[in-house]
Amino acid sequence: MQIRDAVETDLPTIVEIYNAAVPGRMATADLEPISVESRIPWYQEHKAQTRPVWVVELDDQIVGWLSFQMFNGRPAYHRTAELSIYIHPDYQGQGIGKNLLTEVIDRSPELGLKALVALIFAHNQPSLKLFETFEFKQWGYLPKVADLDGIERDLVIMGRHID
């Protein structure tokens with residue numbers, strides 16, 4: 001398993017993995033699949049030195065990805081990043097998320113980060129448990145803030161400080 005910085009030519013696979021999560025209504029608030037073209041500006045906003053997008057390769061195939069986003073556009077939050085992790089459905093439950101979070105925690109200081117947050121639907125128990133395994137704590141709870149096909153869903157804000 002190799003974790004590396006994403007390149008723009010990885011976008012079709014990144015989008016494919018993301019879109020696989022849309023129908024399950026567990027990991028994204030998007031209700032329809034997105035396009036590669038719509039993700040180009042998103043990708044270009046990420047900088048490998050501060051807010052990278054990483055892909056996970058297994059047998060020369062991308063099986064997952066992680067992105068660091070600005071938590072908030074205001075300058076005082078520059079040492080905090082929001083994490084997003086997406087794993088191809090065929091590779092979920094195989095430790096890929098754990099490997100990504102291990103890498104995140106190890107490399108966050110070189111990215112200038114002191115705090116990490118993740119926004120996770122309360123019904124997404126596998127993701128909540130993954131982040132809890134890495135000492136993320138619940139920093140916030142937003143009840144009924146998402147409407148997924150007429151079902152109101154809660155959002156949990158998980159966070160962790162980096163030593």
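This is a short talk on how the helices, cores and loops of one predicted model fit together.

Hi everyone, thanks for coming. Please keep in mind that what you have in front of you is a predicted model. I'll begin with the two N-terminal helices, then go to the cores, and finish with a few single residues.

Let's start with helix α1, residues 11-21. Its buried residues are L11, I14, V15, I17, Y18, N19 and A21. What do they pack against? The partners are α2, β2, β3 and β4.

I'd like to pause at I17, which sits in α1. I17 has a relative accessible area of 2%, so we call it buried. Setting aside residues up to four places away in sequence, I17 touches I62, V63, G64, W65, Y86, I87 and H88. Not every part of the chain comes close to it, of course: the C-alpha atoms of I17 and Q49 are 24 Å apart, with their positions 32 residues apart along the chain.

Now to the neighbour, helix α2, which spans residues 36-45. Here the buried residues are R39, W42 and Y43. Looking down the axis of α2, you find these buried residues within an arc of 100°, and therefore they line one face of the helix. On the face turned away from that buried side are E37 and E45, both exposed. As for the buried side, it packs against α1, β2 (53-58) and β3 (61-70).

So how do the two helices sit relative to each other? A quick reminder: two packed helices are described by the angle between their axes and the distance between the axes. For α1 and α2, the axes come within 10 Å and cross at roughly 110°. An angle from 65 to 115 degrees counts as roughly perpendicular, and α1 and α2 are therefore roughly perpendicular to each other. On the α1 side, the contact is made by L11, P12, I14, V15 and Y18, and on the α2 side by V36, R39, I40, W42 and Y43. By residue class, this contact of α1 with α2 has 9 nonpolar residues, 1 charged and no polar.

Between these helices there is a loop, and V22 is in it. Is V22 buried or exposed? With 2% relative accessibility, V22 counts as buried. Beyond its neighbours within four places in sequence, V22 contacts T28, D30, L31, E32 and P33.

On to the cores. In soluble globular proteins, nonpolar side chains tend to be buried together. In this model, the largest nonpolar core has 29 residues, and the ones with the most contacts inside it are L66, F68, L83, I85, L100, L116 and F131. Which elements supply at least two residues each? They are β2, β3, β4, α3 (96-107), β5 (115-121), α4 (125-133) and β7 (151-161). The largest share, 5 residues, comes from α3.

F131 is a nice residue to click on here. Leaving out neighbours within four places in sequence, F131 contacts L83, I85, L101, A118, I120, F136 and M158. Apart from this core lies another one, of 16 residues, and I17, Y18, V53 and V55 are among them. That brings us back to α1, where I17 has its place.

Strand β4, residues 80-87, gives us another stop at T80. T80 has 15% relative accessibility, and buried means under 20%, so T80 counts as buried. Its contacts, not counting residues up to four places away in sequence, are R51, Q69, F71, L113, A115 and V117.

Just a few words on the loop between β4 and α3, where G95 is found. G95 is partly exposed, at 26% relative accessible area. The C-alpha atoms of G95 and L130 are separated by 9.6 Å, although their positions lie 35 residues apart along the chain.

Last, some backbone geometry. Most residues other than glycine have a negative phi. E135 is not a glycine, yet its phi is positive, about 65°. E135 lies in the loop between α4 and β6 (137-148), and with 53% relative accessibility it counts as exposed. D149 is another non-glycine residue with a positive phi, near 55°. D149 is in the loop between β6 and β7, and D149 is exposed too, with a relative accessible area of 54%.

That's my tour. Thanks for listening, and I'm happy to take questions!

Conventions:
Residues numbered from 1 in each chain as written. Predicted model: local features only at pLDDT ≥ 70, side-chain atom pairs only at ≥ 80, totals over all residues. Heavy atoms only, no water. Buried < 20%, exposed > 50% of the residue type's maximum accessible area, 1.4 Å probe, protein only. Helix = DSSP H or I, 4+ residues; strand = E, 2+ residues; numbered from the N terminus. Arc of directions from axis to C-beta. Contact = heavy atoms within 4.5 Å. Core = buried A, V, L, I, M, F, W, Y, C linked by side-chain atoms within 4.5 Å. Axes fitted to C-alpha atoms, helices over the stretch in contact; angles between N-to-C directions. Parallel < 35°, antiparallel > 145°, perpendicular 65-115°, else oblique. Nonpolar A, V, L, I, M, F, W, Y, C, P; charged D, E, K, R; others polar.
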